[in-house]
Amino acid sequence: MTVGPDGSDGSERSAGAPAQTPGDLPEAAVRRLESTVFSSGLTVPDFAACLDLGLEPVALVQGFCVMQWGWYGQGSGYMRGLSPYTGGPQSAGSYSETYRCPHGFVSNEHRSWGQNLEQPWVEAAWAQGYGSAYQRMLEEATTHGAHGVIGVVDRVSSVADTGTTEFHFLGTAVTVDGGPPPAGGVPWSTYLAGQRLTKSIEAGFMPVAVVAALASVRVWAYCMTEYLMEGSMSWGGPTGPHLVEQVSKAHMAVRQLARKHVRQQLAGDELHGATIDVVARELSQGDEVIDCTLRGNRVRRFKDFDQVELPRPTVRLA
Amino acid sequence: MSTGFSPGTAPPADVRAEMLLGAQSLATPAPPSQARGITSDLSVDEALLLHAAGWEPLDLVCGVAVVSVPVGVWNWGRGAISLASDAHDQAVDQAAAQLRGECSKVHGHGVVGVRVEVSVRTHHVDVELVGTAVRPMEGQDPRGADAAQAMPFTSDLSARDFTLLQRAGWMPVGLAFGASFVYAPRRTAGTAMKQTRQNVELTNYTEAMYSARESAMEKMQRSALHAGGQGVVEVKVTEGPMSFARHAVGFTAWGTAVRLVAESHQFVQPQVVLPLDDAVVTFEAESLRSGGQGRGRKR
């Protein structure tokens with residue numbers, strides 16, 4: 001999925017339009033936001049570092065989105081890709097790889113076909129939930145006339161066992177003392193705060209946005225994958241340890257896709273402090289669903305890297 | 001809105017000026033760029049340190065391999081479970097090869113800060129390696145650019161440790177792995193009965209553990225030699241009975257194989273400091289993250 005949490009298509013930070021019209025804020029929220037008291041989620045050291053940097057905290061801003069995942073059974077709109085004979089990718093440019101059984105016809109139960117399939121509809125649904133929560137946080141920040149949001153925390157969690165997922169963003173909206181508003185009025189954002197943000201700025205990297213993407217790959221195991229993942233040596237399979245090519249390739253592909261999706265949001269900027277989380281759910285008979293989430297800080301270099309003196313090693317006596 | 005705060009001491013003017021510069025850079029839309037942006041999982045500190053040492057990050061790179069373990073391997077037997085060890089070795093080799101392949105693709109000379117995840121399951125061994133490809137900024141590599149790109153080093157050392165190692169005249173050459181799985185021999189029925197009411201060492205398990213350890217450490221050292229290393233630093237070990245087969249014990253060891261590239265070891269001569277700060281408040285930018293949700297680097 002190429003749409004980032006900032007709503008950009010990778011060309012520029014185009015999230016500005018919806019963030020300009022915070023018309024759907026609850027009345028209580030508007031009242032709270034009009035208060036002259038500032039709030040922030042910063043620790044005291046972060047708060048002090050923020051003031052030193054010329055950033056004034058204005059409000060603790062948040063965004064939520066609760067998404068229900070659609071039914072994946074027969075008749076579901078999400079059913080695409082379930083037929084083993086449709087073959088091919090689910091949308092132009094998406095990942096798909098097929099495997100053929102080397103045994104010929106054996107029985108109806110024999111898995112003569114296998115496929116690794118990117119699930120763009122899962123990625124799009126995740127991006128929708130994540131992006132909506134992010135936009136709502138930015139919308140609150142924009143209401144305050146904030147220039148940026150620092151110390152962003154995002155959380156994706158399940159709501160009970162209902163197949164429902166909550167996306168939650170939280171951060172401290174700030175203004176840059178004497179600084180111009182960002183292009184389009186869309187606040188910049190970063191997971192960093194305090195000294196880490198200061199060091200990033202000193203090094204010449206200005207935060208642009210937090211970026212994230214989910215990549216999802218479904219493994220439809222063919223017979224050899226099924227045998228290997230279950231330790232079986234049926235039908236002329238190898239007698240010793242053997243690379244499970246289909247699953248290994250799926251794992252590599254999901255990580256490459258996540259990086260590709262995030263890179264599409266960078267538009268030539270850099271990604272710092274990336275974290276990669278992979279969840280693999282083994283279904284049965286070698287089938288798996290592998291989800292990979294990649295997050296990080298999109299930063300833009302605004303000056304040449306200052307030469308940093310090699311730090312002097314020290315030994316603490318404490 | 002104003003915070004009403006006016007700090008008594010003036011903040012460093014240059015930091016504020018740089019913040020303003022940064023804000024101004026975002027005040028106008030960036031021109032369209034086809035540049036392939038750099039991605040890295042390094043922290044700001046690590047990126048700065050690498051830069052100070054003359055290296056730059058290039059790309060986040062991965063290597064993953066899943067290798068099957070044939071059925072019956074974990075059934076009770078005697079001695080080493082060589083098929084499981086072989087599966088582990090194969091998975092590690094394959095994942096490392098993929099990691100180096102991705103590094104070479106982006107013209108990296110090596111991978112630092114590799115996060116190693118090894119999962120030994122009943123029927124397969126999964127290995128995941130994730131790190132940041134790096135290269136010297138001036139293209140200077142003691143091994144030569146072509147050789148370095150042809151065989152990039154891999155290392156689970158943090159950028160800080162990598163910098164310090166390099167300063168001492170050493171370079172990482174690769175990850176060294178060793179694993180061994182051994183059956184704990186059965187006690188005879190008589191011995192088991194006799195020991196039922198005793199506080200006694202189960203020597204079969206102790207011996208199995210020693211046996212697994214010797215074999216794994218030897219493999220790791222052999223792996224380091226094969227990579228051209230003279231030693232292994234930051235060795236991590238995992239050991240204990242397998243969760244799915246309590247009669248088998250496993251021992252895995254891995255670390256970064258290193259080689260002296262200077263004529264001799266360079267003494268770092270650290271400065272001794274006595275910190276006077278109160279260690280009560282520690283800086284944690286991600287302190288808002290709830291338990292288990294944190295995505296900070298854990299090193």
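Biologist: In what order do the three strands of the open sheet in chain B stand, and is their pairing parallel or antiparallel?

Modeller: In this predicted model, the order within the open sheet of chain B is β5-β7-β6, and the pairing is antiparallel. Averaged over neighbouring strands and with direction ignored, the turn of one strand against the next is 10°.

Biologist: Why are β5 and β6 of chain B said to stand at the edges?

Modeller: β5 (170-183) and β6 (231-242) of chain B each have a single partner strand, so one side of each lacks a neighbour in the sheet, and that is what places them at the edges.

Biologist: What makes β6(B) and strand β7 of chain B count as a pair?

Modeller: Two strands pair if DSSP finds at least two bridges between them, and β6(B) shares 10 bridges with β7 (residues 245-260) of chain B, in the antiparallel sense. With 10 bridges set against that cut-off, the two strands therefore qualify as paired. Within this pairing, P241(B) has V249(B) of β7(B) as its bridge partner.

Biologist: How many bridges join β5(B) to β7(B), and in which sense do they run?

Modeller: Here the strands run antiparallel and are joined by 13 bridges, with A179(B) standing opposite T252(B) in β7(B). Helix α5 (residues 159-167) of chain B lies across β5 and β7 of chain B, and runs at about 120° to β5(B).

Biologist: Why is β5(B) described as largely enclosed by the rest of the structure?

Modeller: A residue is called buried if 20 or more other C-beta atoms lie within 10 Å of its own, and 14 of the 14 residues of β5(B) are buried, which is why the strand is described as largely enclosed. For chain B as a whole, 42% of its 299 residues count as buried.

Biologist: Turning to chain A, what makes T293(A) count as buried?

Modeller: The cut-off is 20 or more C-beta neighbours within 10 Å, and T293(A), having 20 of them inside that distance, therefore counts as buried. T293(A) is found in strand β9 (residues 288-301) of chain A, and, leaving aside residues up to four places away in sequence, touches A212(A), L214(A), A258(A) and D277(A). L214(A) and T293(A) are 79 residues apart in sequence, yet the distance from C-alpha to C-alpha is 4.4 Å. In chain A, buried residues make up 49% of the 318 residues.

Biologist: Why is α3(A) called roughly parallel to α5(A)?

Modeller: Helix α3 (residues 44-52) of chain A packs against helix α5 (residues 194-202) of chain A at an angle of about 30°, and their axes are 7 Å apart. Angles under 35 degrees count as roughly parallel, so α3(A) is roughly parallel to α5(A). P45(A), D46(A), A49(A) and C50(A) of α3(A) make this contact with G194(A), Q195(A) and T198(A) of α5(A), and by class the residues are three nonpolar, three polar and one charged.

Biologist: Which residues of α5(A) meet α2(B), and at what angle do the axes of the two helices cross?

Modeller: R196(A), K199(A) and S200(A) in α5(A) meet V44(B), D45(B) and L48(B) in α2(B). The axes of α5(A) and α2(B) come within 9 Å and cross at roughly 35°, in a left-handed crossing. The residues of this contact divide into two nonpolar, one polar and three charged.

Biologist: How many residues of each chain are in contact with the other, and which element of chain B gives the largest share of its side?

Modeller: The contact brings together 77 residues of chain B and 87 residues of chain A. Several elements give two or more residues to the side of chain B, among them α1 (13-25), α3 (82-105) and β3 (124-136) of chain B, and α1(B) provides the largest share, 10 residues. By class, this side of chain B has 46 nonpolar, 23 polar and eight charged residues.

Biologist: What makes strand β10 of chain A and β8(B) count as a pair across the two chains?

Modeller: At least two bridges are needed for a pair, and three bridges join β10 (residues 314-316) of chain A to β8(B), so these strands, which run parallel, meet the requirement. One of the bridge partnerships is that of T314(A) with Q271(B) in β8(B).

Note on methods. Residues are numbered from 1 along each chain as its sequence is written. Chains are lettered from A and ligands numbered from 1 in the order in which they are written. This is a predicted model: local features need pLDDT of at least 70, side-chain atom pairs count only at pLDDT 80 or more; totals for chains, interfaces and linings use all residues. Axes are lines fitted to C-alpha atoms, for helices over the stretch in contact, and angles run from 0 to 180 degrees between N-to-C directions. Helices (H or I, at least four residues) and strands (E, at least two) are DSSP runs, numbered from the N terminus. Angles under 35 degrees count as roughly parallel, over 145 as roughly antiparallel, 65 to 115 as roughly perpendicular and the rest as oblique. Two residues are in contact if their C-beta atoms, placed from the backbone, lie within 7 Å. Ala, Val, Leu, Ile, Met, Phe, Trp, Tyr, Cys and Pro count as nonpolar, Asp, Glu, Lys and Arg as charged, and the others, Gly among them, as polar. A residue is buried if 20 or more other C-beta atoms lie within 10 Å of its own, exposed if 12 or fewer, and partly exposed in between; C-beta atoms are placed from the backbone. A crossing is left-handed if the near helix is turned anticlockwise from the far one by less than a right angle, and right-handed if clockwise.
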